[in-house]
Amino acid sequence: MRKYIKALIALILLILFDQLTKYLAVIHLKGTSGISVIPDVFHLQYLENHGVAFGMFQGQQWFFVPLTIIIAFVMIFLYYKIPDTKRYLPLRICVVLVTAGAFGNIIDRISHQYVVDFFYFKLINFPIFNVADCYVVVAVILFVILILFYYKEEELERDIPFFQNKKNKG
């Protein structure tokens, strides 16, 4: 039960931080040309993203709101299946980060019909993104590293039913 309470507190704090940064972006960046943090490298620039990941699929809210909710519930289910051991803490952290990112952006989609983005790496002309996007990207990178280098396939299949290979279910 403690792992769920800790995860819920972390999830709420991460979502609140994301929403706070978006609120600050709205009040300090909206209607301006942005703030150059590192000239010609990194800027804070307000953008209303009506699409998903880096502005793709503009105006498709009808599809992405339910999809995001499904992904969030899959993450919650996965968290439930992960053993409450120190070994699996990194995996649980990944799940909390992805869920926080999903909820952080779904709040924007439902309340505004767009997501507030504001981080811009001008040097490489990278699409503008936000804190919730950072949560998801960091979690996915960490997840890939964990799966490739930390966990063995056999232990994941043994300890987490979600990862069981169909042919091994018997």
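Which residue in β3 does Leu44 stand opposite? I looked this up first, and the partner is Phe119. A reminder to myself: this is a predicted model, and my notes below should be read that way.

**Entry: the overall layout**

I went through the secondary structure next. The chain holds 5 helices and 3 strands. Going along the sequence, I wrote down the order α-β-β-α-α-β-α-α. Of the 170 residues in the chain, 36% are buried. I also checked how far apart in sequence the contacting residues are: among contacts between residues at least 6 apart, 66% join residues at least 24 apart.

**Entry: the sheet**

Back to the strands, then. I found an open sheet of 3 strands in the order β1-β2-β3, paired antiparallel. β1 and β3 are at the edges with a single partner strand each, so each has one side without a neighbour in the sheet. From one strand to the next, the twist averages 35°.

How many bridges join β1 to β2? I noted 3 bridges between β1 (residues 35-38) and β2 (residues 42-49), with the strands running antiparallel. One pair to click on is Ile38 with its bridge partner Phe42 in β2. For β2 and β3 (residues 115-121) I noted 6 bridges, again in the antiparallel sense. Here His43 has Tyr120 in β3 as its bridge partner, and Leu44 faces Phe119, as in my opening note. A general reminder for the margin: strands of a sheet pair through backbone hydrogen bonds.

**Entry: two positive phi values**

I then turned to backbone torsions in the loops. β1 and β2 form a hairpin with 3 residues between them. Asp40 sits in that loop, and its phi is positive, near 60°, in a residue other than glycine. Is Asp40 buried or exposed? Its relative accessible area is 51%, and because the cut-off for exposed is over 50%, Asp40 counts as exposed.

Gln113 gave me another case, with a positive phi of about 70° although it is not a glycine. I located Gln113 in the loop between α3 and β3. Its relative accessibility is 44%, so Gln113 is classed as partly exposed.

**Entry: Phe118**

Phe118 belongs to strand β3. With a relative accessible area of 5%, Phe118 is buried. What does Phe118 touch, leaving aside its neighbours within four places in sequence? My list of contacts includes Thr21, Lys22, Ala25 and Leu29. His43, Leu44 and Gln45 are also among them, and so are Ile128, Phe129, Asn130 and Val131. For Phe129 I looked up the spacing too: Phe118 and Phe129 are 11 residues apart in sequence and 5.8 Å apart in space, C-alpha to C-alpha.

**Entry: the second largest pocket**

Last stop, and perhaps one for your own viewer. The second largest pocket has about 260 Å³ of space. Its lining has 13 residues, and Lys3, Lys6, Tyr79, Leu89 and Arg92 are the ones nearest its centre. Which helix supplies the largest share of the lining of the second largest pocket? I found that α1 does, with 6 residues. Both α1 (2-29) and α3 (89-112) supply at least two residues each. By class, I noted 8 nonpolar and 5 charged residues in the lining, and no polar ones.

Technical notes: Residues are numbered from 1 along each chain as its sequence is written. This is a predicted model: local features need pLDDT of at least 70, side-chain atom pairs count only at pLDDT 80 or more; totals for chains, interfaces and linings use all residues. Side-chain values use heavy atoms; hydrogens and water are left out. On a 1 Å grid over the protein atoms alone, a cavity is a set of points where a 1.4 Å probe fits but cannot get out, and a pocket is an open set with protein on both sides within 12 Å along at least five of seven lines; lining residues have an atom within 4 Å of a point. Grid points are joined across faces, edges and corners, and a volume is the space filled by probe spheres set on the points. Helices (H or I, at least four residues) and strands (E, at least two) are DSSP runs, numbered from the N terminus. Ala, Val, Leu, Ile, Met, Phe, Trp, Tyr, Cys and Pro count as nonpolar, Asp, Glu, Lys and Arg as charged, and the others, Gly among them, as polar. Two strands pair if DSSP finds at least two bridges between them. Axes are lines fitted to C-alpha atoms, for helices over the stretch in contact, and angles run from 0 to 180 degrees between N-to-C directions. Buried means under 20% relative accessible area, exposed over 50%, partly exposed in between (1.4 Å probe, protein chains only). Contact means heavy atoms within 4.5 Å.
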